[in-house]
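Colleague: I'd like to learn how to read a structure like this one. Could you walk me through it?

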Amino acid sequence: MRMINLTNLKSTTSRRDLSKLLDVKPGMLSFAIYKNPEAVRYRRFEIPKRHGGTREILAPASELKLLQQRLSVLLQDCVAEITAARGFAEDGAHFGIAHGFKRYHTIMTNGRVHVTRRFVFNVDLHDFFGTINFGRVRGFFLKDRNFALHPEVATAIAQIACFENKLPQGSPCSPVISNLLAHSLDIQLARLAARHGASYTRYADDLTFSTNKPAFPAEIGVLDDAHNCSPGAELERIVTRSGFSFNPAKTRLQYRDSRQEVTGLTVNRKVNVPASYRYTVRAMVDRLFKTGAFEFIYKKKDAQGNVVLERRVAAKNGQLLGMLSYIDQVDRFNQKICETNGREPESTAGRVELFRRFLYFDTFYATRQPVIVCEGKTDNVYLRCAIKSLAAKYPNLVTPGVQPKLNVRFFKYTETRTGQVMDLTGGVGGICKLLKSYSEDIEGIFRAPAPTFPVIVLIDNDKGAHGVYEVIAGITKKPKPLGLADFIHVTSNLYVVPTPFGPKKAHTAIEDFFDAFTLETELNGKKFNRNNKLDDSKEYGKAAFARDVVAKNAATIDFTKFHAIFDRVMKVLDDYEARRK
């Protein structure tokens with residue numbers, strides 16, 4: 001295998017060469033690591049630890065952060081080339097010893113190594129990043145046989161990576177560099193584990209050994225008469241000689257008949273989120289649905305070992321999103337393993353539905369602005385451009401200015417995991433699903449104070465709209481709408497706005513509100529066709545129309561006909577404001 005990235009790095013002999021490899025100007029590199037005063041290179045702040053106390057984070061200034069990000073990518077590419085050349089490619093099916101902050105590796109891949117073991121032994125390295133100083137970083141890149149860099153380049157890399165003579169926690173390149181320097185330690189500990197019938201992995205500063213042997217190897221970990229656990233002599237010798245030390249407070253030996261955890265995940269039967277964590281998250285979501293708010297409750301152990309309340313902190317929905325995403329990520333990891341091995345995965349439908357309801361609540365019920373939901377991505381482009389062009393008439397929808405600021409939010413269809421969970425695909429089918437699911441949530445689940453802003457579903461008033469009108473009739477228990485009204489109030493803060501009919505009640509779609517000149521715009525000799533079936537040799541579709549015609553020419557397009565749509569949106573805002581009083 002050709003090691004292009006490593007070869008390019010090894011061929012650099014100066015800071016100028018390195019800056020070119022990182023795709024930055026030499027002056028920027030020099031400024032970021034030498035000329036910019038140390039006092040402003042990083043911003044210090046603290047975050048709470050899970051089990052009490054705080055952790056200092058050093059966030060680099062923008063120029064330095066860019067350098068560190070690009071250095072991180074370069075070094076990760078070099079590592080991938082080195083491992084592949086040795087026949088140990090890490091590609092999502094094959095994993096290394098270290099699992100922290102690496103491509104294809106997660107806390108789940110780390111924990112899976114230790115599933116269904118008699119003993120699981122955890123030890124923690126003390127001040128892991130802080131132990132790796134400037135001299136160690138520079139020395140590694142000078143002397144390591146894979147890198148063996150020019151002294152000026154090794155020095156520059158150490159300058160980019162280190163602050164106050166250590167790897168800062170918060171730098172994008174600290175993880176990959178720490179893994180490089182700890183690789184020798186990992187090799188020695190993997191050999192130690194193998195000699196004694198155990199498995200070993202490392203995730204950042206967390207070292208884990210596990211075995212099914214009748215007794216845990218004393219060379220790795222020992223128990224005293226009071227059942228206090230400590231590193232074995234051989235383990236301590238290797239770690240100390242490698243320039244690291246232990247955090248005694250985080251050393252523990254876990255047995256099969258009790259809960260075994262590795263990097264926060266239980267590993268007794270499979271890699272899983274602890275049940276207590278899932279119950280806590282479910283309680284938080286339930287509290288949010290009922291009251292519109294929830295809290296984080298921080299607990300700690302007192303001197304007698306009793307769990308006591310430390311403090312309550314008002315939490316934000318984004319934090320709960322992270323927790324639900326974490327549970328979902330672990331569930332999907334286990335599903336993939338089952339599918340790979342031809343086994344039926346356990347159902348997680350209940351957890352996915354809870355996640356879906358939270359996303360609906362946060363996106364539509366607890367929205368901080370009016371939300372406009374269109375049938376597709378191109379409609380969003382049309383309306384964004386039109387609303388900015390007509391800003392002077394609709395100050396409630398957009399704040400005029402050189403860069404107009406929207407006062408409404410357009411729902412964005414995404415292909416991310418949250419998009420998959422919401423299961424809103426656009427089109428008539430997606431709109432019908434939104435109306436049904438959201439109305440059911442409002443009817444039976446959401447009990448928080450009434451939403452502040454409306455959700456406005458904008459639909460084409462064509463044949464497809466009849467399916468939407470049937471769903472509305474089923475929800476409201478009223479006659480099926482005919483598409484004649486300016487808007488339809490469905491339930492709570494949910495409205496549907498159809499595009500106005502044309503002459504003689506002709507069906508309309510949002511594209512009908514562009515002027516003829518815009519609709520007749522040709523791209524590379526091709527004409528616009530709004531239908532799904534295109535003759536690619538002669539026609540272009542909605543995506544190109546939105547991107548290359550509307551977005552690029554928004555300043556000159558005549559959006560006058562869109563007044564008819566935005567006037568209806570304004571009527572919804574007025575109606576909902578009146579309902580809330």
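**Reading one lysine and its surroundings**

Modeller: Let's start with Lys 412, which counts as exposed because its relative accessibility is 63%. Buried means under 20% relative accessible area, exposed over 50%, and partly exposed in between (1.4 Å probe, protein chains only). This is a predicted model, where local features need pLDDT of at least 70, side-chain atom pairs count only at pLDDT 80 or more, and totals for chains, interfaces and linings use all residues. Residues are numbered from 1 along each chain as its sequence is written, and side-chain values use heavy atoms, with hydrogens and water left out.

Colleague: Where does Lys 412 lie?

Modeller: Look in the loop between strand S16 (409–410) and helix H15 (417–422). Helices (H or I, at least four residues) and strands (E, at least two) are DSSP runs, numbered from the N terminus. Overall, the protein has 20 helices and 21 strands.

Colleague: Which residues gather with Lys 412 in a patch of positive charge?

Modeller: Lys 377, Arg 384 and Lys 388 join Lys 412 there, on the surface. For such a patch, residues need over 30% relative accessible area and no salt bridge, and like charges are joined within 9 Å. A salt bridge means a side-chain nitrogen of Lys or Arg within 4 Å of a carboxyl oxygen of Asp or Glu.

Colleague: And Thr 378: buried or exposed?

Modeller: Buried, because its relative accessibility is 17%. Thr 378 sits in helix H14 (residues 377–389). Across the protein, buried residues make up 47% of the 581 residues.

Notes. Patch = residues over 30% accessible without salt bridge, like charges linked within 9 Å, V, L, I, M, F, W, Y side chains within 5 Å. Areas by Shrake-Rupley, 256 points an atom, 1.4 Å probe, with all protein chains shown as cover. Lys, Arg positive; Asp, Glu negative; His and termini not counted. Charge placed at Lys NZ, Arg CZ, Asp CG, Glu CD.
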